[in-house]
Amino acid sequence: MSIEQQLKEVLERPTGWPDETGAYDRFLRRRRRSTRTVAATAGLTFVLVLGLAVVALRVLPGRDGPVADVWQGRSDRSLTGTEWQLTKVVEPSKTWSPPPEVDAVLRFDGEGRFSATACNYYVGPVRIDSDVLHVGRMAGTKVGCSGARRAVEEAFLDVVGDDVRWAISGGELRLDKPDGRGLRFRVRDTIYPTRDLQPLTQGQRNGGDYRFGWQARDELISLQWEWRDDPGKPWESAGVTRETTRPVPRPDPLIGSAGDKRFVFGVVPPHTARVVYQPPAGQPAVQLDLFTVPGARTWQAFGGFVDQPRKGSLVVAFNGHGRELGRSHPLVS
Amino acid sequence: MDDKDLEFREFFASQYGRLCWLGLLLTGNRAKAEDLAQEALVRTFWMWPRVRTYDRPEDYARKVLVNRHRSLLRRALLEARHARRTRVEEGYLPDHGEDAMVLWSAVQRLSPRQRAVLVLRYHEDLSEAAVARLLRLPVGTVKTLAHRGLAKLRAELGPLSQDYVRFGKEDR
């Protein structure tokens, strides 16, 4: 018998192991506590991290009784994994709504972390109790914000940068402080982070969500890759902007996260019939997909999933007769 | 209790033991194993409306457990080292023969990554590519870890294993 077979035998679960007495009750208690430790860190690759803002944890004074007529905490299945979009800022003297161009989003990953985009991007630990969010030290980018974006961000930090009472009612997430300040969110109408991106391909892969698409701005077209590991996790994205009439010098690719894979994308000459991702010797080549982008006269887009790219990998474009039209610089790291 | 809760409870009953055992194989410690299994099931519960639509919801729970284990190892190296030192004393020992006990103890002394690769390959019957996806490692690294892990087991088992391999269990 080989060592592999021996190993299989020794790793087999013995009958009756473990003793499952009380396991479900312990599960229910744990679920109720919702005590989730901080899990892996995540980030948005498109956000330029200029620094970290640290907000100290303060203790929320008590408040009498639960919010009436509101379905609360226990099943925070709706709270986690949802893209919550800010709709109203409640202040003691007035309530106001962010302008449409300010897309402030809050999400909880169900693994003890939240992330938010107001003007800057924030991420931090959170413990979700039955009706209180215990927000830990959060970190964020420090891009200068002005106008409505700044006002939204300040209101957001006032409420979320601390313990805050939460409830969901009629599809609305309410966060309320004892002093009358609060925020209202609705389920965002799209899960994807970039609103006006025209999809070339989108879907799910290994439980993650992805989208590859384009956006036109004057004579420019941006190609963008968006990925998240699970609902509630922050989105990661990568992008490139091309002029619509400028020829493609080389099909140098961009590489976006895609869980255990990577998404390689870029642009190739318009008469390209086949694009191949070629890893270093000994590994199989991968044929990538071609996409026509409306308005792009001197190029077409390509993209596809590959294993973690290695040094020396290339992208090569061929025409319909198999003649090479161009190749990228070899990947340097 | 609504239908979804009942459905999840059935899922819990079918998966708890399996996840506990996987946790034990990865950590070598019963308490940690149960903690990992409970955590994986709680997190699966939060995502149940989505996970229940998957072809194999149990794969999601396993992914959460392995991720959690990986994350704990990464973030608490000292704790993991301590766990490794104390693992054999605290852990389970199979009671079906001396050879099995020797091999089990040798598995416990593997590095966490080697052990995880071998457990997922030979207990969970995953392909190298699937193990690589789950552990977020290149396939080449998984192959190396498996190769070195098996080599270490062979070396630890010594002549016993060599005879075992050469003549087969039935002939001994």
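Reader: What share of chain B counts as buried?
Author: In this predicted model, 42% of the 172 residues of chain B count as buried.

Reader: And how many helices and strands does chain B have?
Author: Chain B has 9 helices and 0 strands. Its pattern along the sequence reads α-α-α-α-α-α-α-α-α.

Reader: What part of the contacts in chain B with a separation of 6 or more comes from residues 24 or more positions apart?
Author: Such pairs make up 55% of those contacts in chain B.

Reader: Turning to the partner, how many residues of each chain are in contact with the other?
Author: On the chain B side there are 40 residues, and they are in contact with 33 residues of chain A.

Reader: Which helices of chain B supply at least two residues to that side?
Author: Helix 1 (3-27), helix 2 (30-46), helix 3 (48-51) and helix 4 (57-75) each do so. The others that do are helix 6 (98-108), helix 7 (112-122), helix 8 (128-135) and helix 9 (139-167).

Reader: How do the residues on that side of chain B divide into nonpolar, polar and charged?
Author: The side of chain B that touches chain A has 27 nonpolar, 6 polar and 7 charged residues.

Reader: A different topic: where is Ile168(A) found?
Author: Ile168(A) belongs to strand 8 of chain A, which covers residues 164-169.

Reader: Why does Ile168(A) count as buried?
Author: Ile168(A) counts as buried because it has 20 C-beta neighbours inside 10 Å, and the cut-off for a buried residue is 20 or more.

Reader: How many residues apart in sequence are Ile168(A) and Asp131(A)?
Author: They are 37 residues apart in sequence, with 9.7 Å from C-alpha to C-alpha in space.

Terms used. Residues numbered from 1 in each chain as written. Chains lettered and ligands numbered in written order. Predicted model: local features only at pLDDT ≥ 70, side-chain atom pairs only at ≥ 80, totals over all residues. Contact = placed C-beta atoms within 7 Å. Helix = DSSP H or I, 4+ residues; strand = E, 2+ residues; numbered from the N terminus. Nonpolar A, V, L, I, M, F, W, Y, C, P; charged D, E, K, R; others polar. Buried ≥ 20, exposed ≤ 12 C-beta atoms within 10 Å, placed from the backbone.
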